[in-house]
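Biologist: I have a new model open and would like to learn how to read it. Could you walk me through it, feature by feature?

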Amino acid sequence: MPATRATLAGAAYCFAVSLAETRRSIPNVLTIARFAAIPVFAWLYLEAGDGPAWGAGIFFAAAALTDQLDGYLARRWHVESRFGKVADPLADRLMIGTAAILMLATGRIPILAAIVIVGRDVILVLGYRVLAPGGYELEVTSLGKAATWVLYASLGLVLVTAEGTTWPIVLLWFGVALSLAAGAQYALHAWRLARRREGTLESRTNLDQS
């Protein structure tokens, strides 16, 4: 009887550990899947030729849904990770940037909109690489999330509508505006953090000299 109880307890412990590890890995697996989906999306878009690209559009929408799902699961299960905080928004940026470049190359979106979308993301990624060694954490804001949702929706609608349809482009410009506002918010946060650290260093220097 004691041996049976010990076996059951061991099995329960192994199950709990396995469940915890599975929960910890699922959000990251979904994020990695979005990276892997980028070349498939590009292939589907190019294969569609002129006219609505429904296959690419559905694939693009699925990527947007996994973006929401992995973040929700990470928060729901309290398994947020440093990898997820960096890789999750990066996967979004790469997917959206790829869509913007492809649609610019095929004349589906205005050049200025594509430049803003890709340029802002390049600046954010390079800025993070510069600031990260100093302890800067990339925290996605509500404004940043809203910009991502609108860009996903507008680009997805451009994908599945006829070329020259106006209303998805209007929505795209709204997403571009939100994207610029979110970029300014991130830059302001980084600037305040840098100023705060400079003040801390100056205070320490003054204490050391006194």
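Biologist: Let me start with one residue: is Asp-121 buried or exposed?

Modeller: Asp-121 is buried, with a relative accessible area of 6%. Here buried means under 20% relative accessible area, exposed means over 50%, and partly exposed lies in between, with a 1.4 Å probe and protein chains only. This is a predicted model, so local features need pLDDT of at least 70 and side-chain atom pairs count only at pLDDT 80 or more, while totals for chains, interfaces and linings use all residues. Residues are numbered from 1 along each chain as its sequence is written, and side-chain values use heavy atoms, with hydrogens and water left out.

Biologist: Where is Asp-121 found, and which side chain does a polar contact join to that of Asp-121?

Modeller: Asp-121 is found in helix H4. Its side chain is joined to that of Arg-120 by a polar contact of 3.0 Å. A polar contact is a pair of N or O atoms within 3.5 Å; within protein, one must be able to donate a hydrogen and the other to accept it, and residues adjacent in sequence count only if both atoms are side-chain atoms.

Biologist: Now the fold. How many helices and strands are there in the protein?

Modeller: The protein has 6 helices and 0 strands, giving the pattern α-α-α-α-α-α along the sequence. Helices (H or I, at least four residues) and strands (E, at least two) are DSSP runs, numbered from the N terminus. Of the 210 residues in the protein, 35% are buried.

Biologist: What span should H2 have, and how far apart are its end C-alpha atoms?

Modeller: The expected span of a helix is 1.5 Å times one less than its number of residues. For the 23 residues of H2 that gives 33 Å, and the end C-alpha atoms are 32 Å apart, which agrees. H3 (residues 82-105) passes the check too: its 24 residues should span 34 Å, and its ends are 35 Å apart. After H2 comes His-78, with a positive phi near 55 degrees; after H3 comes Gly-107, with a positive phi near 75 degrees.

Biologist: Which residues of H2 are buried?

Modeller: An α-helix has 3.6 residues a turn, so residues three or four places apart point the same way. The buried residues of H2 include Phe-60, Ala-63, Ala-64, Asp-67, Asp-70, Gly-71 and Ala-74. Leu-65, by contrast, is in helix H2 but exposed, with a relative accessible area of 62%.

Biologist: How many aromatic pairs are there?

Modeller: A pair of aromatic rings is described by the distance of the centres and the angle of the planes. Rings of Phe, Tyr and Trp (its six-membered ring) pair if their centres lie within 6.5 Å; planes under 30 degrees apart count as stacked, over 60 as edge-to-face and the rest as tilted. The count comes to 2 aromatic pairs. Phe-41 and Phe-60 form a tilted one, 5.4 Å centre to centre with 35 degrees between the planes. Phe-41 lies in helix H1 (residues 2-48) and Phe-60 in helix H2 (residues 54-76), so the pair ties together parts that are 19 residues apart in sequence. Ring pairs link Phe-41, Phe-60 and Tyr-152 into a cluster.

Biologist: How many residues has the largest nonpolar core?

Modeller: It has 30 residues, and those with the most contacts inside it include Phe-41, Phe-60 and Ile-109. A nonpolar core is a set of buried Ala, Val, Leu, Ile, Met, Phe, Trp, Tyr and Cys residues joined through side-chain atoms within 4.5 Å.
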